[in-house]
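Let's walk through a protein chain together and see how it holds its ligand. Take a moment to turn the picture around before reading on.

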Amino acid sequence: MKVLAINSSPRMDKGNTALILTPFLEGMTEAGAEVELFYTSKLEIKHCDGAFTCWLRTPGECHLKDDMQMLYPKLREADIWVLATPVYVDGVTGSMKTLMERTIPLLLPLIELRDGHTRHPPRQGTRYGKVVLVANCGLWETDNFDPLLVHMKAYCRNLYREFAGALVRPNGVMLGGMMQMGAEVNDIFEAARDAGRQLVQDGKMSPETLGIVSREFMPLEMYVQQLNQGLQMVLDALEKK
Ligand SMILES: Cc1cc2nc3c(=O)[nH]c(=O)nc-3n(C[C@H](O)[C@H](O)[C@H](O)COP(=O)(O)O)c2cc1C
């Protein structure tokens, strides 16, 4: 089983997204998957220029020459795409959105009706694979992922891929600190690892396991107080410089 993972956090392996993504991918590898990970920050991915060349003049081929040319065969062959992103203004990062826009060559131009909905059919040569979202955000509530989930599910319907679920981590900005302080958050990382194993072995992730990934680790009022206290300390230190 081939897994293509893309992490769009500009903070790459040092970021909060990676805190969940790393054990998740380790779990997939342990279960026997062949996992490849890329960071959008290390890739050159130009913006789609809307020329529709990939649909009209060079069917299936984007005319923009950049790192997408290396990614296209991997996107076509992968059984699972893992799209990892921090929440940026209620959606995916700009670089993830750019990458998603550039997957349009995987579709055909002429639309058809599928289950009463107009869609572009998939171009031959792309596997009907799955998509998993791995996301974290700064705010406390799980509903901060709602717009992202709506978008990702719609994207999967249009790309003819199965949305296999999401590992979402609210208050992700505090998770690393909690871990360093020795707080009991290890079950969150273990659940991410289990979810990876489950997806490869059983083809699906259990809602209980995903629930642990998102579980509350600090009451709301305490989160507000602790986060603001930490930020104020940084602001004060910078002011003294
Ligand atoms: C430009 C920008 C926009 C953000 N927008 C949101 C947001 O809408 N909601 C939220 O909860 N957090 C938001 N955040 C916070 C990030 O999701 C949070 O810092 C996350 O942990 C970053 O993950 P990373 O370390 O992997 O990059 C934003 C951060 C940045 C830099």
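How far is an oxygen atom of the ligand from a polar backbone atom of Asp90? In this predicted model, the two atoms are 3.0 Å apart. That pair falls within the 3.5 Å cut-off for a polar contact. Val87 also takes part through its backbone, with a polar atom 2.8 Å from an oxygen atom of the ligand. With Thr17, look at the side chain instead: one of its polar atoms lies 2.6 Å from a ligand oxygen. On its own, the ligand has 640 Å² of accessible area, and the protein covers 73% of it.

Now look at the surroundings. The ligand sits in the largest pocket, with 15 residues around it. Thr17 appears again here, since Ser9, Arg11, Asn16, Thr17 and Asn136 are the ones that come nearest. Sorted by class, this shell contains seven nonpolar residues, six polar ones and two charged ones.

Finally, zoom out to the whole chain. You can trace nine helices and seven strands along it. The C-alpha trace spans about 60 × 45 × 35 Å along its principal axes. Is that what a compact globule would give? For 241 residues, such a globule would have a radius of gyration near 18 Å, and the chain's 19 Å agrees with this.

Notes:
Residues are numbered from 1 along each chain as its sequence is written. This is a predicted model: local features need pLDDT of at least 70, side-chain atom pairs count only at pLDDT 80 or more; totals for chains, interfaces and linings use all residues. Side-chain values use heavy atoms; hydrogens and water are left out. A residue is near a molecule or strand if one of its heavy atoms lies within 4 Å of it. A polar contact is a pair of N or O atoms within 3.5 Å; within protein, one must be able to donate a hydrogen and the other to accept it, and residues adjacent in sequence count only if both atoms are side-chain atoms. Accessible areas come from the Shrake-Rupley method with a 1.4 Å probe; for residues, only the protein chains shown count as cover. On a 1 Å grid over the protein atoms alone, a cavity is a set of points where a 1.4 Å probe fits but cannot get out, and a pocket is an open set with protein on both sides within 12 Å along at least five of seven lines; lining residues have an atom within 4 Å of a point. A molecule sits in a cavity or pocket if more than half of its atoms lie within 2 Å of its grid points. Ala, Val, Leu, Ile, Met, Phe, Trp, Tyr, Cys and Pro count as nonpolar, Asp, Glu, Lys and Arg as charged, and the others, Gly among them, as polar. Helices (H or I, at least four residues) and strands (E, at least two) are DSSP runs, numbered from the N terminus. The radius of gyration is taken over C-alpha atoms; the globule rule is 2.2 Å times the number of residues to the power 0.38.
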